[in-house]
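Ready for some practice in reading a protein structure? Take a look at the sequence and the model below, then try each exercise before you read its solution.

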Amino acid sequence: MLWIGWTLAIIMFAIAFVGLIYPVIPSVIFILAGFLLYGAFVSFEELTWLFWAIQILFVLLLFGADTFANLVGVKRFGGSKAGMWGSTIGLLIGPFVIPVIGILAGPFLGAIIAEMIFARTSIKQAFRTGVGSVVGFLTSVVVKGILMVVMIVIFLFFLR
């Protein structure tokens, strides 16, 4: 059962890291699923209430990092709420419409289109907002990746 628990946990962790690039995959759910599958197949004994309290705090940080990075990226480059929403929608749709490059083109184009249609900004400002959305997305990927690694390290620490 030990091998099954570890194998399933590692698979869940790997899927979570894929979710950094494809935001349709809810990374944090797969990280938690890895913990739960390990506990179900091996033991929950080492995963104390302190472990779960720490992990819940990291889950909240992950959700906050994602939203905050996008907001800061768009706002810092002069974008509006429309640009932020356009960026988010583009981020979700982009990878499916334009595989691989759509992960960057989606938020970029989504922010530009939303800024021009809904906020009625100039093409120059819309372009700046698009750049800001990509910067925000890339910042989010780095921050979330670091937080996810820390979550897994804490998991391993509790298993000692």
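## Exercises with worked solutions

**Exercise 1. The lining of the pocket.** Sort the residues that line the largest pocket by class, then find where they come from.

*Solution.*
- Step 1: Begin with the classes. The lining has 16 nonpolar, nine polar and two charged residues.
- Step 2: Keep in mind that this is a predicted model. In this model, the largest pocket holds about 460 Å³ of space. Of its 27 lining residues, Pro23, Asp66, Thr67, Leu91 and Lys144 are the closest to the centre.
- Step 3: Now look for the helices. At least two lining residues come from each of α1 (2-21), α2 (27-41), α3 (49-76), α4 (81-97) and α6 (123-159).

**Exercise 2. The overall plan.** How many helices and how many strands does the chain have?

*Solution.*
- Step 1: Count the elements. There are six helices and zero strands.
- Step 2: Follow the sequence from start to end. The pattern reads α-α-α-α-α-α.
- Step 3: Add the dimensions. The C-alpha trace spans about 60 × 30 × 20 Å along its principal axes.
- Step 4: Check how much is buried. Of the 160 residues, 42% count as buried.
- Step 5: Turn to the contacts with a separation of 6 or more. Residues 24 or more positions apart account for 67% of them.

**Exercise 3. Two helices that cross.** Describe how α5 and α6 cross.

*Solution.*
- Step 1: Recall what to look for. Two packed helices are described by the angle between their axes and the distance between the axes.
- Step 2: Apply this to the pair. The axes of α5 (residues 102-117) and α6 come within 8 Å and cross at roughly 145 degrees.
- Step 3: Give the hand of the crossing. For α5 and α6 it is right-handed.
- Step 4: Name the partners. On the α5 side, the contact includes Ile103, Leu104, Pro107 and Phe108. On the α6 side, residues that take part include Ile123, Ala126, Phe127 and Thr129.
- Step 5: Sort the contact by class. It has 14 nonpolar, three polar and one charged residues.

**Exercise 4. Four residues of one helix.** Is Gln55 buried or exposed? Do the same for Ala65, Ile54 and Leu60, which you can find in helix α3.

*Solution.*
- Step 1: Start with Gln55, which is also found in helix α3. Gln55 counts as buried because its relative accessibility is 0%, and buried means under 20%. Not counting residues up to four places away in sequence, Gln55 touches Phe35, Met151, Ile154 and Phe155.
- Step 2: Go on to Ala65. At 15% relative accessibility, Ala65 counts as buried too. Leaving aside neighbours within four places in sequence, Ala65 is in contact with Ser140, Val143, Lys144 and Leu147. Ala65 and Val142 are 77 residues apart in sequence, and their C-alpha atoms are 10.0 Å apart in space.
- Step 3: Take Ile54 next. With a relative accessible area of 23%, Ile54 is partly exposed. Leaving aside neighbours within four places in sequence, Ile54 is in contact with Ile154 and Phe158. From C-alpha to C-alpha, Ile54 and Ile154 are 8.6 Å apart, with their positions 100 residues apart in sequence.
- Step 4: Finish with Leu60. Its relative accessibility is 55%, so Leu60 counts as exposed. Leu60 and Leu156 are 96 residues apart in sequence and 20 Å apart in space, C-alpha to C-alpha.

**Exercise 5. Residues in loops.** Where are Val100 and Arg120, and what is the phi of Arg120?

*Solution.*
- Step 1: Place the residues. Val100 lies in the loop between α4 and α5, and Arg120 is in the loop between α5 and α6.
- Step 2: Check their accessibility. Val100 is exposed because its relative accessible area is 65%. Arg120, at 69% relative accessibility, counts as exposed as well.
- Step 3: Find a partner for Val100. The C-alpha atoms of Val100 and Ile21 are separated by 9.3 Å, and the two residues are 79 apart along the chain.
- Step 4: Look at the backbone. Phi of Arg120 is near 55 degrees, a positive value in a residue other than glycine. Most residues other than glycine have a negative phi.

Definitions and conventions. Residues are numbered from 1 along each chain as its sequence is written. This is a predicted model: local features need pLDDT of at least 70, side-chain atom pairs count only at pLDDT 80 or more; totals for chains, interfaces and linings use all residues. Side-chain values use heavy atoms; hydrogens and water are left out. On a 1 Å grid over the protein atoms alone, a cavity is a set of points where a 1.4 Å probe fits but cannot get out, and a pocket is an open set with protein on both sides within 12 Å along at least five of seven lines; lining residues have an atom within 4 Å of a point. Grid points are joined across faces, edges and corners, and a volume is the space filled by probe spheres set on the points. Helices (H or I, at least four residues) and strands (E, at least two) are DSSP runs, numbered from the N terminus. Ala, Val, Leu, Ile, Met, Phe, Trp, Tyr, Cys and Pro count as nonpolar, Asp, Glu, Lys and Arg as charged, and the others, Gly among them, as polar. Axes are lines fitted to C-alpha atoms, for helices over the stretch in contact, and angles run from 0 to 180 degrees between N-to-C directions. A crossing is left-handed if the near helix is turned anticlockwise from the far one by less than a right angle, and right-handed if clockwise. Contact means heavy atoms within 4.5 Å. Buried means under 20% relative accessible area, exposed over 50%, partly exposed in between (1.4 Å probe, protein chains only).
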